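Colleague: Could you take me through one part of this model in some detail? I would like to hear about the aromatic rings and what surrounds them.

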Amino acid sequence: MSPPAAVSPPQQVASLATPAPKLAGSKGGSKTQTIDDMIGQWDSFKFAPIRESQVSRAMTRRYFKDLDTYAESDIVIIGAGSCGLSAAYVLGKQRPDLKIAIIEASVSPGGGAWLGGQLFSAMIMRKPADAFLREVGVPYEDEGNYVVVKHAALFTSTIMSKVLQLPNVKLFNATCVEDLITRPSDEGVRISGVVTNWTLVAMHHDDQSCMDPNTINAPLVISTTGHDGPMGAFSVKRLVSMQRIEKLGGMRGLDMNTAEEAIVKGTREIVPGLIVGGMELSEVDGANRMGTSPHLQLSASATNETPGPTFGAMVLSGLKAAEEALNVFDLRSKQNAL
Ligand SMILES: Cc1cc2nc3c(=O)[nH]c(=O)nc-3n(C[C@H](O)[C@H](O)[C@H](O)COP(=O)(O)OP(=O)(O)OC[C@H]3O[C@@H](n4cnc5c(N)ncnc54)[C@H](O)[C@@H]3O)c2cc1C
């Protein structure tokens with residue numbers, strides 16, 4: 001467990017049941033209205049009164065409390081794509097005692113899982129990844145060896161709603177990881193947290209000065225930052241620049257059958273304290289890609305049966321990342337406390 005925080009972490013057991021929505025007026029003694037109470041009554045309709053500073057304080061008080069609580073996290077997940085969200089779901093549900101911070105560079109979490117290949121709607125998952133869809137409650141059509149979710153956004157919005165309801169998970173979006181915190185170790189270096197900044201600030205380091213970052217300490221970091229790009233493959237690129245790994249393997253050509261297993265099986269702790277999963281792993285291992293991309297030419301074999309990225313490997317890589325994390329968590333926590 002991480003060192004004690006100034007504000008106690010939430011302790012209650014995670015419930016994935018839909019909480020009752022809090023309607024305006026439910027605290028101040030006024031009647032809690034239903035939708036039916038409002039329908040057809042718009043002439044007399046009125047919002048509960050509010051002062052602007054109440055809105056401001058309601059947001060900032062909670063955000064600063066979260067910054068305080070999660071400054072010492074148990075696990076940090078970098079990237080809220082399909083892999084990171086799947087890892088967060090499993091970890092947050094299985095271990096309600098752990099504080100899990102997700103750092104997402106984009107304003108909108110979800111990574112590349114809002115659409116299928118070539119911006120088509122459907123999401124294809126090869127079996128047995130359909131087990132995860134049943135776990136989170138996403139409907140699909142069974143096509144034999146693979147299943148099809150009618151819209152990728154249905155998967156992404158569903159898993160995100162489950163993750164965000166977990167009381168021990170905090171998503172910091174519009175925030176990027178711009179460096180890793182390191183400690184000396186027998187293996188050379190151990191990762192013991194992340195250096196963060198507002199993404200919009202990080203994008204302006206070249207034209208503004210003195211925009212120092214913030215930090216989150218954690219005995220374990222799971223990096224799922226996706227393909228190489230302006231933000232992607234972040235941690236593995238940083239491991240190269242800090243000479244912890246020699247070079248990236250580079251994502252290889254398309255081969256769905258080889259690629260998906262490679263991503264899942266290869267999900268592991270790459271250096272002590274840093275687990276890498278999802279498509280970020282294909283950059284370090286030189287694994288094949290298995291989906292379609294607007295940047296690279298489509299191969300005929302990719303369009304025959306499974307038209308688009310098969311996200312099964314991403315979610316199962318998230319599951320494996322969670323498993324690897326729990327396997328080493330106690331050891332890394334002990335080392336981190338020194
Ligand atoms: C070139 C290319 C090839 C593709 N190949 C495949 C394929 O082979 N198979 C397949 O299934 N799909 C493929 N896709 C589709 C799809 O992008 C991925 O499957 C899927 O989105 C990868 O999931 P992920 O969780 O690993 O990463 P992503 O969905 O990319 O999520 C990564 C998240 O990390 C965030 N992030 C990045 N850097 C940082 C940082 N420094 N700090 C904080 N957050 C950060 C990003 O904003 C993003 O939300 C491909 C897409 C492209 C563009």
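Modeller: Gladly; here is a walk through the ring pairs, followed by a surface patch. This is a predicted model, in which local features need pLDDT of at least 70, side-chain atom pairs count only at pLDDT 80 or more, and totals for chains, interfaces and linings use all residues. Residues are numbered from 1 along each chain as its sequence is written, and side-chain values use heavy atoms, with hydrogens and water left out.

Rings of Phe, Tyr and Trp (its six-membered ring) pair if their centres lie within 6.5 Å; planes under 30 degrees apart are stacked, over 60 edge-to-face, and the rest tilted. That rule gives six aromatic pairs. One of them joins tyrosine 70 to phenylalanine 172, edge-to-face, at 6.2 Å centre to centre and with 75° between the planes. Because tyrosine 70 lies in helix α2 and phenylalanine 172 in strand β6 (residues 169-173), this pair ties together parts that are 102 residues apart in sequence. Helices (H or I, at least four residues) and strands (E, at least two) are DSSP runs, numbered from the N terminus.

Buried means under 20% relative accessible area, exposed over 50%, and partly exposed in between (1.4 Å probe, protein chains only). Tyrosine 70 counts as buried at 3% relative accessibility, and phenylalanine 172 is buried too, at 4%. Ring pairs also link Tyr70 and Phe172 with Tyr63 and Trp198 into a cluster.

Helix α2 (residues 52-70) also holds arginine 57, which counts as exposed at 54% relative accessibility.
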